[in-house]
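Here are a few friendly notes to read alongside the structure. Keep the 3D view open and turn it as you go.

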Amino acid sequence: MTEEIIIAGFGGQGVLSMGKILAYSGVMQDQEVAWFPSYGPEMRGGTANVTVILSDERISSPILHEFDTAIILNQQSMTKFESRVKPGGTLLYDPNGILHHPTRKDINILKVEGSRLAVEMGNPLTFNMIVLGAFLKAKPVIKLENVKKGLEKSLPERHHKLIPLNLTAIEIGQENLVVVQIAEAGC
Amino acid sequence: MSVLTDRINEIIKPENLVYAKSPLLNDDLMHYCPGCSHGVVHRLIAEVIEEMGIQEQTIGVSPVGCAVFAYNYIDIDWQEAAHGRAPAVATGIKRVMPEKYVFSYQGDGDLAAIGTAETFHAVNRGENIVMIFINNAIYGMTGGQMAPTTLVGQITSTTPHGRDVDLNGYPLRITELLAQLPGAAYVTRQSVQTPGAVRKTKKAIRKAFEIQAKKIGTAFVEVVSTCSSGWKLSPVDSNKWMEENMFPQYPLGDLKDTGRADAELYRIKAK
Amino acid sequence: MGELRLMKGNEVIAEAAIRCGCDGYFGYPITPQSEVMETLMTLRPWESTGMVVLQAESEIASIHMVYGAAGAGKRVMTSSSSPGISLMAEGISYIAGAELPCVIVNVQRGGPGLGTIQPSQADYNQATKGGGHGDYSLLVLAPASVQEMHDFVILGFELAFKFRNPVMILADGVIGQLMEKVELIDQRPRWTNEQILEISGEWATLGKPSGRKKNIITSLELDSYMMEKNNLRLQSKYSQMKAEEVRYEAIACEDADYILVAFGSAARICQKTVQIARKKGVKVGLIRPITLFPFPEKIIAEYATKVKGFLSVEFNAGQMVNDIRLAVNGKTRVEYFGRMGGIVPTPDEVETALEQRF
């Protein structure tokens, strides 16, 4: 099993840390992992994206040009990455702020209203964990117990008290995944 | 011959000894020109190290310039730095061996032109090193070109019509600038043109090394110096020219003697 | 099994330095490698191992601080990215000339000039052919994974002291920013003063005890005959490196008709190309030079009589390809494919290039 993922959105949405938690969870599941961020001025308030590879085998190229799953969190990223989802792959997005919804027929399209749910939870910082929950529902590549271990490993000890909140957010994400479209076969 | 030898042997009897070269200065013939100040300053450094008994703990850093071969003359461990980089090299040595004495020895081109950044930042960090600065207002090694400290109107091979402020800017009083930095513990300007001046300079160098032991910041000693070859003057005339022209621009005396600024004043108070 | 962590290449440089007993790091921030110093400053090793960490006023100052501290027999290092390494060129030449051991990390970005902060391998020639003035060589290690970033810090110090020569770890923005699993070595002690005396006492400026000659660290020698002798000594060192320290990885080369040659992150991409091509029935192998100096010319020369061609894949305009051509010496075709300006080619692009060239 190899899962090649991009997470793309605005800086400040927790894109990089969501990728990090996913990668750490993969390590806890004895997988090979690679996490590669966009870096530079993009880090400071503009778009941010990170690719994560989870695999049972040694990872050759850590640089991805197409993805099994794209997690899209703003319009710029939708414009940039929709075309780069592999045929039969998955596009998961938060419709908040999206003007041009995905149009491809040959991919699975899923959505989760992460921004709204985070606000409803009373803590906008849970946004990325809600999205992560939705992803794990769509692609159960990591067991939840390993995500918990991944959280423990990637968060500094002083933030460990936030782990239950994060797990709740993941659950909410799982419960609120909406299937928009299943890929048309044969495309 | 034998009469002469007998007379010499009579004169050099140990009981007639009134002065001896520091054993830290070896017998190699110095490459410096007659009348050059470098030799005197070398001697003073050797004497201070010997008198303080710190030969085994002292590392010198020589520059690029006339003093590049300083390591040939004083019997301690040395590193030869790239042009202008002696303060960085000295910082590297001192940071990994804070228990040792480290001094840099630089001329005006090295310290105040190509190495200005390294000089400023070493002093600003308050590196616990001694910096010796030989200011003779000219590049000696490369053949008498303009230095940052060359006086207005002074003739050099690259200012053949005299230093022109419109073309070349102004003589740099870098020592005054360094004295303002909070990292500087002791900043002084001396000279070695008379026995009295030599004694004062030796005191200053000794004090600088003692400050290093106290670890209270950078100790900086400028020595206003002569370059008879570069100035194209006799050694005696050079001293006279220096007193008349250099001293007004570079007045002698201590510029700072308070130790490094009290770090508590600068430190962010812990919440 | 050492501690397993998920870390960025840049972070692991810092962690490995502390753990292998490094005495000092002097650096200046530049993207994409600033995490090296940031990590060190966060970990505060001066409180644990006694390792010194200092942010200098420039790359020029950094490398000369390294010169000074290395001259004291300490294990010291710096890191930077391409424009910063250019600034260090003077100091690196002095360090090579004065025969001092140290580790220099270059997390390359695209040039020339200020260029881009995206990954590149355009400093290959600078790293392997000098970079500064004079006849000198660095021993150059090219990591292709975060694990190798870790391992090469440790290996780098070993080689630096074996040869009294600067070692460069030539990484790029991909390996610097990439996070992978890495197994860390257990903490090793820094060398004691007694150990340093034993290892480097003959030349290091530790303070001159009575009874030994003074030690002088210098690259200066005005007597041409002596200077030629110094140069010959350096050259014999480089010959010894060529004889003893060549490292490479050969993947799927035994039955290959074509061999890709790539280092660092380009080699990772080529691994995937090998898989893609073999699925199509094209027998492709990969030689990954691990030491760029000394260059693995023997293995390339051996395969030159067996394969139909080599394709050098580089994130530059074709630099390593010249070393491959020298090794192949006309025995088979040698072609180049690469991208510049911070663009990382896809494995498919490489495969297409291979098809087009041959």
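**Notes on chains A and C**

1. Let's begin with chain C, which is divided into domain 1, residues 3-184, and domain 2, residues 248-357. Keep in mind that you are looking at a predicted model. Taken over C-alpha atoms, the centres of these two domains of chain C are separated by 26 Å.

2. Now look at where the two domains of chain C meet. Here 24 residues of domain 1 are in contact with 21 residues of domain 2. On the domain 1 side, α6 (124-128), β6 (139-141), β7 (166-172) and α8 (173-177) of chain C each supply at least two residues. The largest share of that side comes from α6(C), with four residues. Sorted by class, the domain 1 side that touches domain 2 of chain C has 15 nonpolar, eight polar and one charged residues.

3. Next, turn to the place where two chains meet. In this case 16 residues of chain A are in contact with 18 residues of chain C. Two elements of chain A, α1 (15-28) and β2 (32-37), each supply at least two residues of the side that touches chain C. β2(A) gives the most to that side, with six residues. By class, this side of chain A has eleven nonpolar, four polar and one charged residues.

4. Finally, follow β2(A) across to its partner. Which strand of chain C does β2(A) pair with, and in what sense? The partner is β8 of chain C, residues 179-184, and the pairing is antiparallel over two bridges. To find the spot, look for W35(A), which stands opposite M179(C) in β8(C).

Conventions. Residues numbered from 1 in each chain as written. Chains lettered and ligands numbered in written order. Predicted model: local features only at pLDDT ≥ 70, side-chain atom pairs only at ≥ 80, totals over all residues. Contact = placed C-beta atoms within 7 Å. Nonpolar A, V, L, I, M, F, W, Y, C, P; charged D, E, K, R; others polar. Pairing = 2+ DSSP bridges. Domains from an automatic or database assignment.
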